[in-house]
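The exercises below work from the whole chain down to single residues. Please try each task on the displayed model before reading its solution.

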Amino acid sequence: MEKEELLYEGKAKKLFKTDQVGVLWVEYLDQATALNGAKKDVVQGKGELNNQITSLIFEALKAEEIPSHFIEKISKTEQLVKSVEIIPLEVVVRNRAAGSFSKRLDIPEGKALPFPIVEFYYKEDRLDDPFINDDHVLALEIATEEEITVIKELARKVNQALIKLFQKAAITLIDFKIEVGRTPAGEILLADEISPDTCRLWDTATDSHLDKDIYRRDLGDLVPVYQEVLARLSK
């Protein structure tokens, strides 16, 4: 398979066309961003770690029969994925209060929620990805009612699978963000990545951060933390 022209360059990945219809080539970058890109740094080794962690997680989700765009990892920093139309939503699932949720509702970080809460954010950098509800999704014609139901069910299923996966690694899944896409046939698939960039992960014994909050909050070096997550998941 051959990598062809660049289709998209985001904050942490490049997306290329390939010579095979319906297959895209993803390259993970050594770049860390926060605050919708307001904070940005090159972090050597980060792309390789996120590619490996995401590939491992997507393989685990495949075993749980969770549909995704992931095909295979092809190098330390690259993978192949199915081409999908990305739905402009960030779908957040929260098991414990943290981050913006704690600030918005004045709930202490780490407090367990009575049930997993699913939130939608409109994926639009120009607007700083605002929090929206189901009616907004419908009014903006982002997704249909049926698709909203499917997306929420998918998010909850991913949550249960990730909780189980991280528990085995002595990691508590606080919250996470996923993106989803439509296939040409209209199927909703899990897309993008799942890594410490997109999850809030705490050590089960100490509650220490094992995620991008290390970078967001200037708590230390990112790479050793991501290496620890990969090592635990690989056991």
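**Conventions**

D207 has a relative accessible area of 42% and is therefore partly exposed, where buried means under 20% relative accessible area, exposed over 50% and partly exposed in between, with a 1.4 Å probe and protein chains only. The model is predicted, so local features need pLDDT of at least 70 and side-chain atom pairs count only at pLDDT 80 or more, while totals for chains, interfaces and linings use all residues. Residues are numbered from 1 along each chain as its sequence is written, and side-chain values use heavy atoms, with hydrogens and water left out.

**Exercise 1.** Describe the overall dimensions and the secondary structure of the protein chain.

*Solution.* Begin with the secondary structure, which comes to 6 helices and 14 strands; these are DSSP runs numbered from the N terminus, helices being H or I of at least four residues and strands E of at least two. Next, take the box along the principal axes, where the C-alpha atoms fill roughly 50 × 40 × 35 Å. Then compare the radius of gyration of 17 Å with the value near 18 Å for a compact globule of 235 residues, with which it agrees; the radius is taken over C-alpha atoms, and the globule rule is 2.2 Å times the number of residues to the power 0.38. Finally, note that buried residues make up 50% of the 235 residues.

**Exercise 2.** Determine whether K39 is buried or exposed, and identify the polar partners of its side chain.

*Solution.* First locate K39 in strand β5, which spans residues 39-42. Its relative accessibility is 18%, so K39 counts as buried. The side chain of K39 places a polar atom 2.5 Å from the backbone oxygen of Y215, and it also makes a polar contact of 2.7 Å with the side chain of D218. A polar contact is a pair of N or O atoms within 3.5 Å; within protein, one must be able to donate a hydrogen and the other to accept it, and residues adjacent in sequence count only if both atoms are side-chain atoms. Beyond four places in sequence, the residues touched by K39 (heavy atoms within 4.5 Å) include A32, T33, A34 and R216.

**Exercise 3.** Work out the surroundings of E179 in the same manner.

*Solution.* E179 lies in strand β12, residues 171-182, and is buried because its relative accessible area is 6%. Its side chain makes a polar contact with the side chain of K123 at 3.2 Å. Apart from residues up to four places away in sequence, E179 touches K123 together with I86, L89, L189, L190, A191 and D192.

**Exercise 4.** Examine the phi angles of E141 and D207, and place both residues in the chain.

*Solution.* As background, most residues other than glycine have a negative phi. E141, however, has a positive phi near 55°; E141 sits in the loop between α3 (134-139) and α4 (145-168), and its relative accessible area of 73% makes it exposed. D207 likewise has a positive phi, of about 65°, although it is not a glycine, and D207 belongs to the loop between β14 (199-203) and α5 (213-216).

**Exercise 5.** How far apart are D125 and N36 in sequence and in space?

*Solution.* D125 is in the loop between β10 (112-122) and β11 (131-132), and at 45% relative accessibility it counts as partly exposed. D125 and N36 are 89 residues apart in sequence, yet their C-alpha atoms are 6.8 Å apart in space.
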